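Thanks for making time this morning; I would like to walk you through one model, and I will try to be explicit about the criteria as we go. Please have the sequence and the structure open while I talk.

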Amino acid sequence: MTVGTVAGVRRGACEVLVDGADTTIHCSLAPDLAVVQKSAIAVGDRVELEERPDAEPLVIRVRPRRSLLSRPDPMDPGIQRAIAANIDIVVIVMATRRPTFKARLIDRIHLAAHQGGARSAVVINKLDLADDRRRADIEAQLAPYRDLDLPVVWTSTRTGAGIDALRDLLRGRTAALVGHSGVGKSSLINALRDAEHVEVGAVRHKDGKGRHTTTFSALHRLPDGTWIIDTPGVRAFGLWGLDRDSLRKGFPEFDAYPCRYADCAHDAEPEADCGVKQAVASGAINPARYDTYRRLLASL
Ligand SMILES: Nc1nc2c(ncn2[C@@H]2O[C@H](COP(=O)(O)OP(=O)(O)OP(=O)(O)O)[C@@H](O)[C@H]2O)c(=O)[nH]1
Ligand SMILES: [Mg+2]
Ligand SMILES: [Zn+2]
């Protein structure tokens, strides 16, 4: 049987890197996979192929996944869209500026990674564009994530700063780079490979927003055996299958502050009854994290 790893997905088709091969081959999806392909097949999936004499190979089965990063389809939130499968670590990529740093996205992607069975790390790219004040401001916003033991790496693909540290962090693992358009995900892959391999696109001059240069996820292999999945920039990041329980697990720092009632939602309850609200008021819990928690709770 031929087995390989999905390196790219198109409508009704995908690119597969067959085990032991150096180049990908174009394959068609079996009809039962094609109809549900947004959730059924993703880059990183392990697939079984059926060779056909007069046609390209057919993907007949997707093997069970050990992890999956997914989100609701932005066009149709009732559909789960798989972003990357069988990943060890989700690298949440931000820029110091151009586009604007938004810590809130870290909460959401970290939660999605956790729900999907992967760890996460934060990369702050475009270090070269930040002065000392900007760096200190971002560092302060990163405090809650450092407390959660998320690795943080500052990088610049312009100066090469942090690239070796990132390579060390990812070595031997399968990673997916996720973040807003224009933060430099594809540029980081080029830097890690030490080659101009992936297309990158300039951010818009007037507002520093990305132009959505990468339109499909793609799997890249580094010389040291690390696998990296480049993904298209996200505008927002919805959470698939979020419930009260998984939300609670996403904010473990709240557990240190017991409330009067065990089922406290830390929302409309009076502050006198809510240890979490008191901890926010005293500064012991980061107010931005609490704000994200409340928004996510309201979205349930
Ligand atoms: N100053 C500076 N610019 C960078 C850095 N890294 C990337 N860029 C630039 O940022 C722009 C966007 O880079 P991309 O790598 O295309 O960003 P992306 O995250 O892949 O964007 P999408 O594919 O649209 O999601 C390009 O003009 C890059 O040259 C950096 O460390 N410093
Ligand atoms: Mg890109
Ligand atoms: Zn409470």
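I will start with conventions and domains, then take the barrel, the sheet, some local backbone features and the ligand.

This is a predicted model, in which local features need pLDDT of at least 70 and side-chain atom pairs count only at pLDDT 80 or more, while totals for chains, interfaces and linings use all residues. Residues are numbered from 1 along each chain as its sequence is written, and chains are lettered from A and ligands numbered from 1 in the order in which they are written.

The domain assignment gives domain 1 as 2-62, domain 2 as 68-230 and domain 3 as 244-298, with bounds that come from an automatic or database domain assignment. Taken over C-alpha atoms, the centres of domain 1 and domain 3 are separated by 44 Å.

Let me turn to the barrel. When I say helix or strand, I mean DSSP runs numbered from the N terminus, with H or I and at least four residues for helices, and E and at least two for strands; two strands pair if DSSP finds at least two bridges between them. On those terms, 5 strands make a closed barrel in the order β1-β2-β3-β5-β4, and the pairing is mixed. From one strand to the next the twist averages 55 degrees, where axes are lines fitted to C-alpha atoms, for helices over the stretch in contact, and angles run from 0 to 180 degrees between N-to-C directions. Within this barrel, β4 (residues 46-52) and β5 (residues 55-62) are antiparallel and share 5 bridges, and Glu50 has Leu58 in β5 as its bridge partner.

Next comes the open sheet, in which 6 strands follow the order β10-β9-β8-β11-β13-β12, again with mixed pairing. Which strands stand at its edges? They are β10 (152-154) and β12 (218-221), each of which has a single partner strand, so one side of each is left without a neighbour in the sheet. Neighbouring strands here are turned against each other by 25 degrees on average, direction ignored. At one of those edges, β9 (residues 119-125) runs parallel to β10 and is joined to it by 3 bridges, with Ile124 opposite Trp154 in β10.

Strand β11 (residues 174-179) deserves a slower look. Its pairing with β8 (residues 89-95) is parallel over 5 bridges, and Val93 has Gly179 in β11 as its bridge partner. Its pairing with β13 (residues 227-230) is also parallel, over 4 bridges, and there Thr174 stands opposite Trp227. As for burial, I call a residue buried if 20 or more other C-beta atoms lie within 10 Å of its own, exposed if 12 or fewer, and partly exposed in between, with C-beta atoms placed from the backbone. By that count 6 of the 6 residues of β11 are buried: Thr174, Ala176 and Val178 point one way, and Ala175, Leu177 and Gly179 the other.

Now to the loop between β7 (80-85) and β8, where Asn86 lies. Phi of Asn86 is near 60 degrees, a positive value in a residue other than glycine, and Asn86 is buried, with 24 other C-beta atoms within 10 Å. Ile87 lies in that loop between β7 and β8 too, and is buried with 30 other C-beta atoms within 10 Å. Leaving aside neighbours within four places in sequence, the contacts of Ile87 (C-beta atoms, placed from the backbone, within 7 Å) include Thr174, Ala175 and Ala176, as well as Ile229.

A second positive phi, near 55 degrees, is found at His266, in the loop between α7 (244-249) and α8 (275-282). A cis peptide bond, with omega about 0 degrees, joins Arg98 and Pro99, and Pro99 lies in the loop between β8 and α3 (104-116). For context, most residues other than glycine have a negative phi, and most peptide bonds are trans.

Finally, what surrounds ligand 1? There are 25 residues around ligand 1, the closest being Gly184, Ser187, Val200, Thr214 and Gly233, where near means that the C-beta atom, placed from the backbone, lies within 6 Å. Helix α6 (residues 185-193) gives the most to this shell, with 3 residues. By class the shell has 6 nonpolar, 14 polar and 5 charged residues, counting Ala, Val, Leu, Ile, Met, Phe, Trp, Tyr, Cys and Pro as nonpolar, Asp, Glu, Lys and Arg as charged, and the others, Gly among them, as polar.

Terms used
Contact = placed C-beta atoms within 7 Å.
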